[in-house]
Amino acid sequence: MAEKTEVWQGTLALMILKTLDTMGPLHGYGLARRIEQTSGQLLCVNYGTIYPALLKLEQEGSVSSRWGASENNRKAKYYTLTPSGRKQLQREEREWERATAIIARFLSPGQESA
Amino acid sequence: MKALRAFFARLGGVFKKDRQDRELLDEIESHLQLHIADNVRAGMDPQRARRDALLKFGAVESVKEDYRDRRTLPWLETFVKDLTYTGRTLLRNPGFTTVAVLTLALGIGANAAIFTVVDAVLLKPLAYKEPETLVTVLHEGQGPISPADFLDFRAESRSFDGMAAAEIWGGILSGERAEAVSGIRFGEGMFELLGVPPLLGRTFQADDFNGENRVLVLGNSLWQRRFGGNPNIVGQELLLSGQSYTVVGVMPPQFRFAPFWATKAELAAPLDLRERAASRGGQSLRIFARLKPDVSLGQAQAEMDGICKRLEAAYPDSNTGRTVEVKPLLEQVVGNIRQALLVLSGAVVFVLLIACANVANLLLVRATARQKEIAIRTALGATRWRTVRQLLTESLGLAVVAGVVGLLFGYLSIAWIKSLMSGEASSFRLRMPRLAEISLDSTTLLFTLGVAVLAGLVFGLAPAVHAVRRNLHGGLRQAGAGTVALNGRSRLRSMLVVAEISLALITLVGAGLMLRSFTRLSAVDPGFNPHNVLALDLSLQGQPDMIGQRREAFYRELRERIQALPGVISMGSVNHLPLAGDVWTLGLNIEGRALPKPGEEVDAAYRVCQPGYFRTMQIRLVRGRDFSEQDRADGQAVAIINQNLADEQWPGEDPVGKRVAFDEPRSTPKLRTIVGVVSNVKQSSWTGEADNEIYLPFSQSSYFSSDAPHLSGMTVLVRTEGEPSRIAAGVRDMVWGLNRQVPVSNIKTLEEVIADCVWQPRFNLVLIGLFGGLALLLGAVGIYGVIAYAVTQRTNEIGIRVALGAKKTDVLGLVLRDGMKLAGIGILLGLGGAFALTRVLTDLLYEVKPADPLTFLIVSLFLAAVALVACWIPARRAANVNPVIALRQE
């Protein structure tokens with residue numbers, strides 16, 4: 001296993017939103033697993049930290065939650081992306097892309113200035 | 001937006017904590033179960049699967065903690081906890097709570113009441129369109145303007161976005177019972193200037209001003225009162241003073257035709273100036289205008305000064321010395337009540353500060369009792385800030401409860417103040433401008449809440465900070481507290497008392513000055529005896545046949561009938577009642593003297609009276625004779641003048657027998673022989689200087705010969721043996737018995753008329769007196785509290801002194817000295833403050849200087865005496881300390 005990176009504040013919310021967008025409704029455990037997988041096991045999330053983040057998103061109206069049954073019939077709380085959450089996701093994706101593009105230019109200035 | 005949404009979700013979280021807690025546990029449990037199941041599927045044994053799941057989840061407790069902090073508003077939760085605790089502590093000390101709440105509520109209530117008045121009278125805009133740009137253009141800021149001058153002003157001025165004139169008017173409205181209604185004539189553009197659309201119908205239009213359309217716009221009050229709010233009133237015909245008018249519109253309830261001078265106007269008719277367009281005499285118009293947005297008051301004034309100068313040069317005969325003042329409308333309405341209200345506001349703030357100081361003192365005493373509790377809190381890890389917050393929450397809780405009670409006090413005071421305005425028989429009537437607009441509303445509520453919170457901080461902060469500044473060690477050590485009298489806390493208490501005493505002294509000096517001024521004012525001699533005289537207005541307007549001999553016969557008959565009533569001494573009547581009615585100043589020429597130059601005319605107030613007037617009013621006849629029944633219309637023309645006119649024109653001479661020509665309205669001047677001189681009477685204002693007056697007998701005046709509306713009414717005066725208001729109904733019925741079409745209005749006693757003149761000083765006196773009393777009471781309670789507490793704390797010391805042989809008087813002196821030292825310092829500081837502050841009272845005082853030494857001295861002595869009594873009670877208790885018991889307390 002390669003060196004794992006701690007999830008920094010703020011990006012967890014973006015990951016949650018993106019995951020819900022591609023995967024549809026998920027419970028907290030599923031979300032945590034999925035984020036870990038997507039990162040190629042590079043990202044280490046203490047699964048528990050996802051819950052305060054989910055609560056914040058729910059309070060802001062980006063996700064909604066509902067109790068339901070899991071694939072193997074266990075009770076679980078499912079989170080769904082709301083329309084306003086989708087908009088937030090799009091906005092944050094754009095910002096993120098712009099930010100990484102700028103950073104990328106700084107980190108590889110060779111071609112530009114040459 | 002999102003943040004706001006999250007805030008409300010968290011706010012909601014505060015109230016469903018338990019359910020959310022359970023949900024989180026359920027969710028964590030479900031998470032772990034899912035994870036374990038996955039792990040088992042991946043081939044782990046159940047125990048390892050469980051351990052791995054728990055490991056990957058991270059610290060459950062820390063997640064819960066994060067979740068909880070996120071879920072609700074932690075500061076709010078602490079606040080709610082503090083508040084609950086506050087509620088419990090306050091309820092556990094009902095005595096303390098009651099005293100503190102009542103003290104504060106008095107202060108807050110007084111502030112709420114005065115603020116409500118200030119807000120309605122001074123702060124709220126007038127109910128017109130953009131009222132802040134409306135101004136009046138009047139002679140010396142208040143006098144009327146002639147039609148030709150007005151038309152020139154309007155044509156020549158460039159500073160205004162419109163200028164219009166209005167004139168006072170009125171008539172008798174026919175119906176089941178005739179009623180005299182006050183009205184106003186509105187010139188072209190007046191409604192547009194005020195900018196208030198009608199509720200029903202329309203206002204005036206251009207062709208209404210050519211004098212052919214007789215149209216009326218009704219005020220809301222008249223429409224409701226006379227026509228029951230009939231929605232079909234527009235288009236109906238009304239009979240007003242015998243003439244038919246068409247109603248074209250009704251104004252909304254908050255609209256006033258004129259916010260000053262013609263405040264009683266309830267209907268408006270168009271003002272047709274065509275006939276008078278060239279007249280520069282007969283000043284009767286009030287001019288309203290709207291300043292252009294970029295023009296300042298000063299610029300408008302400068303322009304008007306220039307126009308007046310040009311008019312003076314062009315028409316020296318009429319316009320010499322005629323200037324105008326441009327004044328904001330609100331200032332015109334509010335007048336000099338502003339000063340009084342500001343002074344009252346200052347006084348209530350003082351009262352509140354004293355109340356705050358008192359409660360701060362109470363809290364300091366309690367802080368001593370709670371020293372242990374605070375020390376334990378600190379020992380258990382509460383930060384200073386946390387403890388200060390807890391203590392501040394307590395004082396704020398106290399303040400809010402006091403605010404609610406204070407609002408109730410405020411509400412009652414406002415109801416009381418308003419009832420003073422309307423009371424028929426009350427001799428304490430208020431003539432406050434805009435009084436009807438005074439009511440408790442959301443502004444007042446917000447203000448009161450703000451004051452309460454501010455007060456809570458003011459009285460809570462010092463004790464709270466003080467409480468945590470003491471160190472832990474000192475707090476936990478129990479014994480020995482209070483053996484030292486002058487520790488930091490008692491120094492703070494002493495300072496608070498000194499501040500209270502000085503604030504109380506300032507307020508009391510204000511009250512004392514008002515009282516002195518009012519006594520002076522009450523001692524003013526109006527020149528007549530107002531005791532036991534009933535006054536009522538009647539008018540024969542709209543009865544064209546009741547003129548000349550018939551009119552005189554009506555009054556003669558009325559006099560005979562009224563004088564036959566039991567308890568009636570005499571009856572007389574006059575056209576303009578002094579202090580209440582109009583004052584028409586007209587010019588007179590003296591026989592044998594050259595005509596005066598412009599600006600040097602001899603003017604005199606014009607009074608028409610019937611025989612018996614001087615006797616009824618008890619106006620002294622200085623020389624010559626009174627009018628009599630023999631002064632008939634066709635007899636020798638006579639007049640009576642007052643002492644002032646006699647002294648001015650005939651110094652050292654006897655004016656009786658001299659002849660003057662007097663220009664009466666609607667009559668050609670004729671030579672009249674002066675037959676008598678009477679003493680001076682106050683004319684239009686209670687404190688005004690005496691001015692010239694000339695009296696004409698009714699039967700030789702325009703009031704006898706003209707049916708013009710303004711020459712058709714008289715004020716009848718009846719002097720009685722007992723309470724004059726008792727015969728009011730009888731007199732009115734007697735008038736209607738003679739002629740049903742005569743409206744009777746303004747029935748009141750002359751004493752009420754005078755009360756109306758001095759309502760403002762009386763209002764000032766009563767309120768400042770009330771606040772002074774409150775300040776005194778609170779200050780006395782404050783000094784009593786401090787001394788009484790000091791005595792309890794020093795019981796030991798006093799016990800030892802007594803045991804060592806101190807006499808009762810020594811102990812008494814010891815305690816009194818302490819108290820009086822505080823009082824003395826407070827009084828000295830207060831005297832300084834009063835000296836600096838009472839200057840603002842200058843305009844409100846009559847014949848009393850703001851630094852009146854006698855008032856300062858008496859108030860200081862009085863306050864010192866009260867302080868002495870307040871200290872005497874605990875001092876006596878100290879003197880009676882039994883040393884055996886006192887020492888055993890240790």
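B:Asn746 counts as partly exposed, because 15 C-beta neighbours lie inside 10 Å. That count falls short of the 20 needed for a buried residue and is above the limit of 12 for an exposed one, so the intermediate class applies. B:Asn746 lies in strand S21 (residues 744–749) of chain B. Its phi is near 55°, a positive value in a residue other than glycine. The model is predicted.

B:Glu130 also has a positive phi without being glycine, near 35°. It sits in the loop between helix H6 (94–123) and strand S1 (134–139) of chain B. B:Glu130 is partly exposed, because 13 other C-beta atoms lie within 10 Å.

**Chain A**

Chain A has five helices and five strands. Read from the N terminus, its elements run β-α-β-α-β-α-β-β-α-α. Of its 114 residues, 29% are buried. Contacts in chain A with a separation of 6 or more include 48% between residues 24 or more positions apart.

Three strands of chain A form an open sheet in the order S2-S5-S4, with antiparallel pairing. Strand S2 (26–27) and strand S4 (63–69) of chain A are the edges, each pairing on one side only. S2(A) and S5(A) run antiparallel and are joined by two bridges. A:His27 has its bridge partner, A:Tyr78, in S5(A).

**Where the chains meet**

How many residues of chain B are in contact with chain A? There are 21, and they face 19 residues of chain A. Helices H1 (2–13), H2, H3 and H4 of chain B each give two or more residues to the side that touches chain A. H2(B) gives the most, with seven residues. By class, this side of chain B has eight nonpolar, five polar and eight charged residues.

**Helix H2 of chain B**

H2(B) covers residues 17–41. Its 25 residues should span 36 Å at 1.5 Å a residue, and the end C-alpha atoms are 36 Å apart, so expectation and model agree. After H2(B) comes B:Gly43, with a positive phi near 105°.

Which residues of H2(B) are buried? They are B:Glu27, B:Ile28, B:His31, B:Leu34, B:His35 and B:Ile36. Their cover draws on both chains. From chain A it includes helix H2 (28–38), helix H3 (50–59) and strand S5 (75–81). From chain B it includes helix H3 (46–57) and helix H4 (60–71).

**Domains and cores**

The domain assignment of chain B gives domain 1 (2–72), domain 2 (75–127 + 338–478), domain 3 (141–322), domain 4 (492–526 + 753–890) and domain 5 (533–722). Domains 2 and 4 are each written as two segments. The centres of domain 1 and domain 3 of chain B, taken over C-alpha atoms, are separated by 77 Å.

The largest nonpolar core holds 221 residues. Within it, B:Ile287, B:Val351, B:Ile501, B:Ala775 and B:Ile783 touch the most other members. Helix H13 (residues 337–369) of chain B supplies the largest share of this core, 21 residues. Another core, of 27 residues, lies apart from it. Among its members are A:Tyr79, B:Leu34, B:Ile36 and B:Phe57. B:Leu34 and B:Ile36 are also among the buried residues of H2(B).

What does B:Ile287 touch, not counting residues up to four places away in sequence? Its contacts are B:Thr136, B:Val137, B:Leu138, B:Ile145, B:Phe150, B:Phe153, B:Met163 and B:Ala165.

**Strand pairings around S5 of chain B**

Strand S5 (residues 215–218) of chain B runs parallel to strand S7 (residues 243–250) of chain B, and four bridges join them. B:Val217 stands opposite B:Gly249 in S7(B). S5(B) also pairs with strand S8 (residues 267–270) of chain B, through two bridges and in antiparallel direction. There, B:Leu218 has B:Leu267 as its bridge partner in S8(B).

The table sets out strand pairs from both chains.

| Strand pair | Direction | Bridges |
|---|---|---|
| S2(A) and S5(A) | antiparallel | two bridges |
| S5(B) and S7(B) | parallel | four bridges |
| S5(B) and S8(B) | antiparallel | two bridges |

Key: Residues numbered from 1 in each chain as written. Chains lettered and ligands numbered in written order. Predicted model: local features only at pLDDT ≥ 70, side-chain atom pairs only at ≥ 80, totals over all residues. Expected span 1.5 Å × (residues − 1). Contact = placed C-beta atoms within 7 Å. Core = buried A, V, L, I, M, F, W, Y, C linked by C-beta atoms within 7 Å. Nonpolar A, V, L, I, M, F, W, Y, C, P; charged D, E, K, R; others polar. Domains from an automatic or database assignment. Pairing = 2+ DSSP bridges.
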